[in-house]
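Let's take a walk through this protein, starting with one residue and working outwards from there.

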Amino acid sequence: GTWLSCEEHDAGLVWECDPAGRLPAVARLALGVFSHEAAAVEPVGRQLYLTEDQGDGGFYRFTPTAYPSLLEGLLEVAVVAPNGSVGWREVPNPTPTPLDTPTRQQVPEMTRFNGGEGIWHDGGVLYFTTKGDKRLWAYNARTGMLEVVFDHAVAPDSSLDAVDNVTVSAAGEIFVCEDGGNME
């Protein structure tokens with residue numbers, strides 16, 4: 001019954017918030033310290049997925065120790081093979097201080113995503129966008145495969161040219177909101 005709000009700066013956190021406003025917002029340090037853009041819960045796998053708004057940011061997965069509590073757990077970052085299969089590597093220090101190595105630089109083999117933006121869960125698939133390369137991605141949490149659903153470089157005449165937030169309708173239609181470009 002809560003929602004997650006992300007801070008989009010280098011020392012950013014994820015806050016768990018009560019939509020009714022009865023309880024104070026709580027910072028969830030275990031979800032890492034980095035420029036969070038968005039978070040989505042995959043309830044069957046009992047994991048959270050997070051995007052990072054940096055040109056060399058990561059795609060993260062958090063596995064709570066005692067789901068649904070976000071007090072503690074394992075933060076990992078994606079390593080994508082050429083065939084699209086995703087492996088996960090533990091982030092050694094999810095809560096670095098300003099003098100420590102930033103989260104996105106702790107796992108050298110991690111796959112870099114160009115400006116992670118919105119993320120949405122639908123039926124075991126996590127859809128997310130990257131603004132730097134204008135792509136829409138789909139990660140299937142059941143199969144561990146990642147694919148590009150839309151790539152502006154392949155469709156340069158497309159009206160979609162500034163990907164940001166994403167959602168999926170009950171009918172399975174993917175909707176992408178633009179931030180910039182022609183704002184469609």
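**Starting from Phe 59**

Setting aside the neighbours within four places in sequence, Phe 59 is in contact with Tyr 49, Leu 50, Glu 76, Val 77, Ala 78, Trp 88, Phe 113, Ile 119, Phe 128 and Tyr 139. Keep in mind as you look around that this is a predicted model. Phe 59 belongs to strand β6, which covers residues 59-64. Is Phe 59 buried or exposed? Its relative accessibility is 2%, and the cut-off for buried is under 20%, so Phe 59 counts as buried. For a sense of distance, try Met 145: Phe 59 and Met 145 sit 86 residues apart along the chain, and their C-alpha atoms are separated by 13 Å.

Now zoom out to the whole chain. How many helices and strands does the protein have? The count is zero helices and 14 strands, so reading from the N terminus you go β-β-β-β-β-β-β-β-β-β-β-β-β-β. The radius of gyration is 16 Å, close to the 16 Å that the globule rule gives for 184 residues, so the protein is as compact as a globular protein of that length. If you'd rather think in terms of a box, the C-alpha atoms fill one of roughly 45 × 40 × 30 Å, taken along the principal axes.

What about the inside and the outside? Of the 184 residues, 43% are buried. On the outside, the protein exposes about 9100 Å², with carbon and sulfur atoms supplying 53% of that area. As for contacts with a separation of 6 or more, 39% of them come from residues 24 or more positions apart.

Next, a few spots where the backbone is worth a look. Follow the chain past β6 and you get to Pro 68, which lies in the loop between β6 and β7 (73-80). The peptide bond leading from Tyr 67 into Pro 68 is cis, with omega near 10°.

Further along is Lys 134, in the loop between β10 (125-130) and β11 (135-140). Lys 134 isn't a glycine, yet it has a positive phi of about 55°. With 29% relative accessibility, Lys 134 counts as partly exposed. Met 183 also has a positive phi, about 55°, although it is not a glycine. You'll find Met 183 in the segment after β14 (174-178). At 52% relative accessibility, Met 183 counts as exposed.

That leaves the gaps. Rolling a probe the size of a water molecule over the atoms shows where empty space is left. The largest pocket holds about 210 Å³ of space. It is lined by 14 residues, and the closest to its centre are Asp 10, Ala 11, Pro 96, Thr 97 and Pro 102. Sorted by type, the lining of the largest pocket has six nonpolar, four polar and four charged residues.

Which residues line the second largest pocket? Tyr 67 and Pro 68, the pair at the cis bond, are among them, along with Gly 1, Thr 2, Trp 3, Leu 4, Glu 16, Val 41, Leu 48 and Leu 70. The volume of the second largest pocket is about 160 Å³, and its lining splits into seven nonpolar residues, two polar and one charged.

Technical notes:
Residues are numbered from 1 along each chain as its sequence is written. This is a predicted model: local features need pLDDT of at least 70, side-chain atom pairs count only at pLDDT 80 or more; totals for chains, interfaces and linings use all residues. Side-chain values use heavy atoms; hydrogens and water are left out. On a 1 Å grid over the protein atoms alone, a cavity is a set of points where a 1.4 Å probe fits but cannot get out, and a pocket is an open set with protein on both sides within 12 Å along at least five of seven lines; lining residues have an atom within 4 Å of a point. Grid points are joined across faces, edges and corners, and a volume is the space filled by probe spheres set on the points. Ala, Val, Leu, Ile, Met, Phe, Trp, Tyr, Cys and Pro count as nonpolar, Asp, Glu, Lys and Arg as charged, and the others, Gly among them, as polar. Helices (H or I, at least four residues) and strands (E, at least two) are DSSP runs, numbered from the N terminus. The radius of gyration is taken over C-alpha atoms; the globule rule is 2.2 Å times the number of residues to the power 0.38. Buried means under 20% relative accessible area, exposed over 50%, partly exposed in between (1.4 Å probe, protein chains only). Contact means heavy atoms within 4.5 Å. Accessible areas come from the Shrake-Rupley method with a 1.4 Å probe; for residues, only the protein chains shown count as cover.
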